[in-house]
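This note goes through the structure shown below, point by point. Please keep the sequence and the 3D view open while reading.

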Amino acid sequence: MLLRGQNGSGKTSLMRAIAGLLSLESGEILWGGEPVLQQRQLFHGSLVWLAHSSGLKADLTLVENLEFERALRPQSAHEPEHVFERLGIERLKGLPVRFLSAGQQRRVAFARMLLADVSLWLLDEPFTNLDQDGRELVIELTEEHLASGGLCVMSAHQDVDIAATIKTVSL
Amino acid sequence: MSDNEAQQPAILAGLIAVIRRDLLLAWKRPGDVLNPLFFFAMVCTLFPLAVGPGATQLMFIGPGVLWVAALLATLLSLNSLFMSDYEDGSLEQLLVSPQPLPVLVLGKTIAHWLCSGVPLVLVSPLLAATYRMPTDVIGVMMLTLTLGTVCLSLLGSIGAALTVGLNRGTALLSLLILPLAMPVLLLGANTVSLAADNEMYSTGIWALGAYAVAALSLSPYATAAALRISNE
């Protein structure tokens with residue numbers, strides 16, 4: 001699902017509400033037919049949230065950051081090395097995240113997403129700070145995720161060219 | 001996609017990972033750990049200089065000064081408990097993690113105590129010596145400080161969670177925490193004074209222990225709820 005809207009139209013707020021970070025005045029978010037507030041841990045075990053801020057510790061290296069993540073979420077069968085290579089960050093493994101550019105930090109955040117074994121991706125403006133190659137890679141990864149039966153809610157303020165069937169909601 | 005329930009990492013793994021990460025961060029940025037410790041050491045060493053070297057006077061004010069300085073040093077370090085996580089977005093990642101939030105919060109509080117409480121307790125005998133405190137009283141002081149800093153870290157985490165989204169929340173944090181911290185200060189300082197006067201002091205230690213156990217069982221839930229509210 002693609003959320004489209006101008007700056008300030010409420011895309012991020014809606015996604016934060018889906019992730020359970022924002023309480024709703026009215027209405028309910030359901031996951032598997034059950035309200036998410038009644039099964040928060042199970043629901044959070046099925047999603048990754050890619051926010052504006054990377055959520056990475058600047059003083060730790062890429063590997064240290066991802067190791068921490070491993071203790072929190074179920075991990076996929078992907079080889080970390082393979083994921084790093086695919087995202088073009090294998091050379092940066094030993095560097096503290098503070099030395100990485102904004103685009104490279106974005107790629108690390110994607111690595112965290114790929115290494116988690118979850119079905120729902122919540123991507124808030126995933127193309128920010130990415131170069132053309134990075135944009136194409138994100139689209140490719142999203143298509144693969146959808147093809148393997150996953151779900152994705154993505155917000156963007158421009159068109160996204162994804163081949164799979166997507167539902168666009170304009171805010 | 002596979003069924004997630006079976007592969008969820010263990011709760012203990014989450015707790016240990018948070019403690020490990022925060023200790024690693026403290027190791028890489030030692031300034032955050034050392035600042036409150038320097039503050040504690042400075043206040044405690046300046047008092048004898050200002051009051052004068054009279055042994056009776058120093059022995060009389062010693063327990064109070066050490067305890068007040070420890071309380072203020074802990075308050076000083078509490079502000080940063082959730083701040084950096086809030087700023088870099090990793091707090092949000094903890095909030096959407098499948099691990100129970102109170103457990104993760106407890107992990108952060110344990111790491112905070114290891115980085116702020118334990119160093120205070122370890123340097124306190126050196127500082128107590130400047131107040132002519134006898135060795136057996138120093139032992140009592142270290143024990144009360146150990147229990148007291150546990151209480152302060154746990155109570156403080158609630159305040160830190162409530163003020164994390166606020167700009168310049170330090171003053172508000174102190175206002176929130178001080179009323180809850182008063183019993184800890186009174187019990188701690190008075191227990192050490194009683195020990196110095198050769199009177200029975202064990203009641204104070206039991207009371208501090210009870211306070212620590214109550215804080216340990218309740219504060220992670222309060223802190224987790226406060227974090228959810230202030231992160232909305």
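1. Among contacts in chain B between residues at least 6 apart in sequence, what percentage join residues at least 24 apart? The figure is 80%. Please bear in mind throughout that this is a predicted model.

2. Confidence in chain A should be considered at the outset. The mean pLDDT of chain A is 84, and 98% of the residues score at least 70. Among the elements of chain A, β5(A) has the highest mean pLDDT, 89, while strand β7 (residues 168–170) has the lowest, 77.

3. Chain B contains ten helices and zero strands. Read from the N terminus, its elements therefore follow the order α-α-α-α-α-α-α-α-α-α, and its radius of gyration is 19 Å, close to the 17 Å that the globule rule gives for 232 residues, so chain B is as compact as a globular protein of that length. The C-alpha trace of chain B spans about 75 × 35 × 30 Å along its principal axes. Of the 232 residues in chain B, 46% count as buried.

4. The contact between the two chains involves 32 residues from chain A and 28 residues from chain B. On the chain B side, α1 (4–7), α2 (11–28) and α6 (90–95) each supply at least two residues. Helix α2(B) gives the largest share of that side, with seven residues. Sorted by class, the side of chain B that touches chain A has ten nonpolar, eleven polar and seven charged residues.

5. Helix α3 of chain A (residues 62–70) deserves attention alongside this contact. Its buried residues are Leu62(A), Glu64(A), Asn65(A), Leu66(A), Phe68(A) and Glu69(A). The cover over the buried residues of α3(A) includes α4 (80–87) and α5 (102–115) of chain A, together with α2 of chain B. Helix α2(B) thus appears both in this cover and as the source of the largest share of the chain B side of the contact.

6. Strand β5 of chain A (residues 120–124) is mostly covered, with four of its five residues buried. Which strands does β5(A) pair with? Strand β4 (residues 47–50) of chain A is joined to β5(A) by four bridges, and the two run parallel. Strand β6 (residues 151–156) of chain A is joined to β5(A) by five bridges, also in parallel. Two residue pairs show these connections in detail: Trp49(A) stands opposite Leu122(A) in β5(A), and Leu123(A) has Met154(A) in β6(A) as its bridge partner.

7. The connection between β5(A) and β6(A) should also be traced. Together with helix α6 of chain A (residues 132–147), these strands make a right-handed β-α-β unit.

8. Val138(A) lies in helix α6 of chain A. Is Val138(A) buried or exposed? Val138(A) counts as buried because it has 22 C-beta neighbours inside 10 Å, and the cut-off for a buried residue is 20 or more. Leaving aside residues up to four places away in sequence, Val138(A) touches Phe110(A), Pro126(A), Phe127(A) and Leu130(A). From C-alpha to C-alpha, Val138(A) and Asp159(A) are 14 Å apart in space, and 21 residues separate them in sequence.

Conventions: Residues are numbered from 1 along each chain as its sequence is written. Chains are lettered from A and ligands numbered from 1 in the order in which they are written. This is a predicted model: local features need pLDDT of at least 70, side-chain atom pairs count only at pLDDT 80 or more; totals for chains, interfaces and linings use all residues. A residue is buried if 20 or more other C-beta atoms lie within 10 Å of its own, exposed if 12 or fewer, and partly exposed in between; C-beta atoms are placed from the backbone. Two strands pair if DSSP finds at least two bridges between them. A crossover is right-handed if, with the strands pointing away from the viewer, the path from the first strand over the helix to the second runs clockwise. Two residues are in contact if their C-beta atoms, placed from the backbone, lie within 7 Å. Ala, Val, Leu, Ile, Met, Phe, Trp, Tyr, Cys and Pro count as nonpolar, Asp, Glu, Lys and Arg as charged, and the others, Gly among them, as polar. The radius of gyration is taken over C-alpha atoms; the globule rule is 2.2 Å times the number of residues to the power 0.38. pLDDT is the predictor's confidence in each residue, from 0 to 100.
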